Amino acid sequence: MSKRVAIIGIGTTGFRATTPDVSYRELTYEAAMKAYLDAGVEPKDIGSFVSTAEDFFEGYSIADEYSPDQVGAVLRPIYTVPGDFIQSLASAYMMILSGIGPISVAQGLSKASNMLTLSEMVTFAMDPIYNRPLKESPHAVAAMEMARFMYETGTTREQCAKVVVKNKKNALNNPYAGHSVLINTDYVLNSEVISYPLTQMDISPHSDGAVVVVLAEEETAKALCDKPIWIRGIGWCSDTPGLETRNWGEAIYAQFAAEMAYKMAGIRYPRKEIDFAEINDEFSYKELQHLEAMRICKKGEAGPLTEIGGTEIAGEFPVNTSGGCLGVGNLYELNGGHKVLEVVRQLKGEAGKNQLKNVTTGLAQSWRGVPTTTGTVVILSN
Amino acid sequence: MRRVAIVGAGLTKFYRNVQETPKELAFEATKMALDSCEMKLSDIDCVVHGTAPDAFDGIHMKGEYLSDGSGAYRKPYMRHYVGGGTGVMSPIHGWFHVASGMFDTCLVVAEEKMSSAYPHPAGAFLTIFDHTTEQPLFPTLIWIFAIEMNRFMTTHGYKKEDIALVAVKNKKNALDHPSAQLGAEITVKDVLDSEIMAWPVNRLDISPTSDAAACIVLAAEHVARRVTEKPIWIDGVGWALDSAYWCNRDLYYPDYVEVAARQAYKMAGIKEPSKEIHIAEPYDPFTYKELHHIEGLQLCKRGGSVQMLLDGVTQRTGNLPCCPSGGALGVGNPIAATGLMKVIEIFSQLRGEAGKRQVPGRPTCGLAQAWGDLMQVGTVVVMRS
Amino acid sequence: MEITDKMVAKTATKLSADEIQRGKVLSVKWTPKLKYAWDNGPAIGRYLAELKNGKIIAKKCDKCHRIMIPPRMFCELCWVPTGEWVYVKDTGIVNTWVVSYVDWKAGRLDIKGGVRPFTPAVIEIDGASKGMGILHHLNEVDPWKITRGMKVKAVWKPAEERTGAITDIKYFKPIK
């Protein structure tokens with residue numbers, strides 16, 4: 001069997017700050033319906049399903065109980081990956097290559113608006129013996145990392161603020177985005193300090209939404225789809241979970257995940273061989289840190305590149321044309337799903353006003369958020 | 001699709017209120033597994049981890065916390081989760097990492113520390129029920145088991161005293177298991193006289209809260225043959241999740257186990273499971289569940305499991321030993337680790353390394369099965385020597 | 001390589017609940033603040049609203065013709081959007097039940113002191129398709145006289161106390 005697997009369908013509800021009119025069931029059903037229509041498949045054609053959820057974010061213990069109904073997977077092979085969406089995508093990909101049917105599905109959901117004590121929940125993920133008793137907010141952990149990153153690379157707060165401005169502006173033309181706005185760097189720098197050097201505007205607000213992706217092996221993909229989007233490389237990595245044992249300045253997880261994906265894709269010079277990227281910018285500085293970790297920019301170069309507009313839509317290496325987490329909203333487990341969505345839209349020529357010209361290869365990268373050091377990368381081509 | 005084998009295994013002791021942290025438990029099992037096949041962490045390409053509700057250990061995103069204890073430092077690491085079925089989903093998840101061709105070796109770890117949850121881990125199960133239509137009624141996990149056991153009994157006319165034999169058998173088997181928490185010689189009367197928890201469930205019908213970790217090492221064929229003389233092949237995998245609307249289903253029969261089993265049998269080329277499966281570890285969190293699952297696994301006809309038990313077929317010396325390890329009832333039930341413990345039991349039995357628990361004859365084909373959620377999940381793995 | 005007693009013995013150290021209480025080992029405690037406000041969507045939203053009105057509502061799938069309770073916007077088996085809303089009765093039959101001596105925290109009820117055990121049940125609702133059950137409590141019945149197929153009826157809270165929740169029905173009791 002060929003080793004090539006493609007995305008043949010994708011569906012989403014879009015992302016917005018609240019979704020009071022629907023429960024997680026209807027949200028997922030809508031994304032799944034759209035994805036299956038897009039792919040031209042029915043649930044019975046699908047060999048395996050993977051859902052993405054974390055108990056405490058859903059508010060259920062054993063959140064996987066509530067996964068099959070919405071995606072048509074009743075009494076079918078479905079399981080849950082408590083991880084990033086791109087890990088679910090990797091699972092769905094590996095299942096096809098293992099012979100569990102020619103078609104598989106990855107699903108993700110965010111109902112962040114339903115989580116009233118979000119900060120407490122994220123704190124609940126910290127080490128119970130060494131970290132939690134200090135009662136530090138998760139934003140403080142990110143701020144410490146930002147400070148170290150800035151120190152090691154010479155990146156300035158202004159450059160980080162530029163990321164916010166760029167992404168929230170890009171989001172204006174993205175019909176799926178929930179937090180678009182036109183601002184300038186002064187606005188970002190002067191907004192309320194949350195945990196220095198992080199201000200309110202440096203932090204992605206959250207959004208709700210769902211994404212479902214349908215994958216197929218080569219023959220089936222070509223039969224069903226005019227524009228299959230091929231998975232050229234995929235990688236994921238977990239660095240140390242301990243705050244005390246991690247490298248604060250560099251995103252090592254992103255580096256390893258990217259190298260794994262590059263190796264699979266046969267990519268040696270990512271800046272040249274990849275046309276654009278959707279990168280986790282949950283906190284403004286993260287976009288820069290990730291760009292450098294993935295060798296798209298050299299150390300210390302991401303900030304200056306952003307400053308001169310190199311990562312704008314019209315720039316030399318467009319980053320987060322969708323608006324990223326800052327413009328679309330932080331979707332937690334689903335962040336990777338939104339990144340994949342944008343890369344697919346661009347590669348299919350369906351990105352509307354933010355459409356990039358002549359793109360063939362895009363990269364989607366995600367991170368699981370504070371306090372983790374887990375990241376994922378997937379490289380797609382049309 | 002490549003052939004994948006289990007080449008090593010490790011298991012901690014199963015206790016309630018273990019001193020070690022969840023990370024440390026995971027480390028102990030992982031180290032033992034690697035040592036058992038003389039492999040090092042650097043030989044491992046990827047790690048998968050199975051652990052059930054985060055509410056037990058009291059850590060959100062528990063998988064991340066456990067990653068270093070599971071050997072996943074700077075490696076591709078992924079957690080999988082299907083409630084109680086997680087333990088047998090673990091080898092499946094690991095299996096396709098290797099079978100897909102993406103990795104040659106995979107470390108599969110399962111850990112559970114239930115004792116951390118206060119006032120009692122059972123309380124965490126309140127939140128598995130639908131938050132709007134069921135939680136306000138304050139249900140507990142024992143109720144849903146009792147509800148199913150009742151339906152199972154009234155449909156087939158099974159009697160409690162017959163079902164109690166499962167506890168007698170498994171707890172006795174567990175006396176020979178090094179990790180066992182609750183090995184004991186008990187009688188049917190002991191079970192029937194034990195405290196009523198939620199009729200028809202008595203205290204001795206239930207497996208205990210427990211803390212433990214388990215680990216197996218998977219390798220692609222070309223690596224497996226180098227590493228060990230006795231690779232145990234994962235020849236069939238199956239898993240299925242039924243609808244969350246559990247009150248809309250007839251609970252007397254586990255469709256989800258049948259669907260998962262058929263998928264695994266098809267892959268393994270098994271046409272008559274009751275003949276071709278020599279040894280089985282069905283999941284037995286409650287006494288009746290072993291019987292319920294044996295029927296779902298097609299190891300006997302519907303309504304035939306009690307007779308099979310009474311005839312001694314499922315004893316270690318019988319034609320189809322079930323839970324020779326002592327199962328969850330005898331060894332302990334730290335959810336995810338239990339399922340992997342069962343996989344390890346079949347692995348050991350097929351290699352002739354099960355010590356005092358070794359079943360007579362030379363079994364060459366065995367299966368492990370787990371169940372989970374709101375009477376929803378079946379996960380099945382068929383193994384051959 | 002056989003896993004032996006010796007290998008396993010040093011992997012874990014057993015403590016007793018008492019030892020932990022007495023502080024024999026250092027421990028940390030944490031009570032998480034986990035609050036959620038779940039959007040229930042149109043199906044469950046209507047279900048709750050009708051419960052407030054003292055009614056039970058279901059929804060029909062036009063493909064498999066099941067009348068489903070709790071109502072849902074799509075049929076999970078046919079995987080199509082559901083059709084009309086259907087009021088069902090507030091009576092039903094007992095599909096299966098439990099006589100429980102424990103509460104949700106595994107605390108023991110004072111049965112000897114005269115506390116009635118819980119008797120939750122799956123009740124198939126009249127008017128919905130066969131097998132369509134909901135979880136609820138039974139009361140006003142001897143716990144040991146409950147039978148499969150027993151006919152029961154909902155006992156509602158008075159209208160002014162109903163809030164639009166499953167607990168607007170206090171419990172089900174046998175129909176004489």
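Two residues are in contact here if their C-beta atoms, placed from the backbone, lie within 7 Å. On that basis, 50 residues of chain A are in contact with 50 residues of chain B. The model is predicted. Chain A also holds an internal boundary, between domain 1 and domain 2, with 29 residues of domain 1 in contact with 31 residues of domain 2.

**Chain A against chain B**

- Several elements of chain A each supply at least two residues of the side that touches chain B.
- The helices among them are helix 2 (55–58), helix 3 (68–71), helix 4 (85–97) and helix 10 (252–265) of chain A.
- Strand 3 (78–81) and strand 8 (229–238) of chain A are also on that list.
- Helix 4 of chain A gives the most to this side, with five residues.
- By class, this side of chain A has 26 nonpolar, 15 polar and nine charged residues.

**Domains of chain A**

- The domain assignment gives domain 1 of chain A as 5–116 + 207–229.
- Domain 2 of chain A is assigned as 137–205 + 232–381.
- The centres of the two domains, taken over C-alpha atoms, are 23 Å apart.

**Domain 1 against domain 2 in chain A**

- On the side of domain 1 that touches domain 2, strand 1 (5–12), strand 4 (103–111), strand 7 (208–217) and helix 4 of chain A each supply at least two residues.
- Helix 4 of chain A provides the largest share of that side, six residues.
- That side of domain 1 divides into 16 nonpolar, nine polar and four charged residues.

Terms used. Residues numbered from 1 in each chain as written. Chains lettered and ligands numbered in written order. Predicted model: local features only at pLDDT ≥ 70, side-chain atom pairs only at ≥ 80, totals over all residues. Helix = DSSP H or I, 4+ residues; strand = E, 2+ residues; numbered from the N terminus. Nonpolar A, V, L, I, M, F, W, Y, C, P; charged D, E, K, R; others polar. Domains from an automatic or database assignment.
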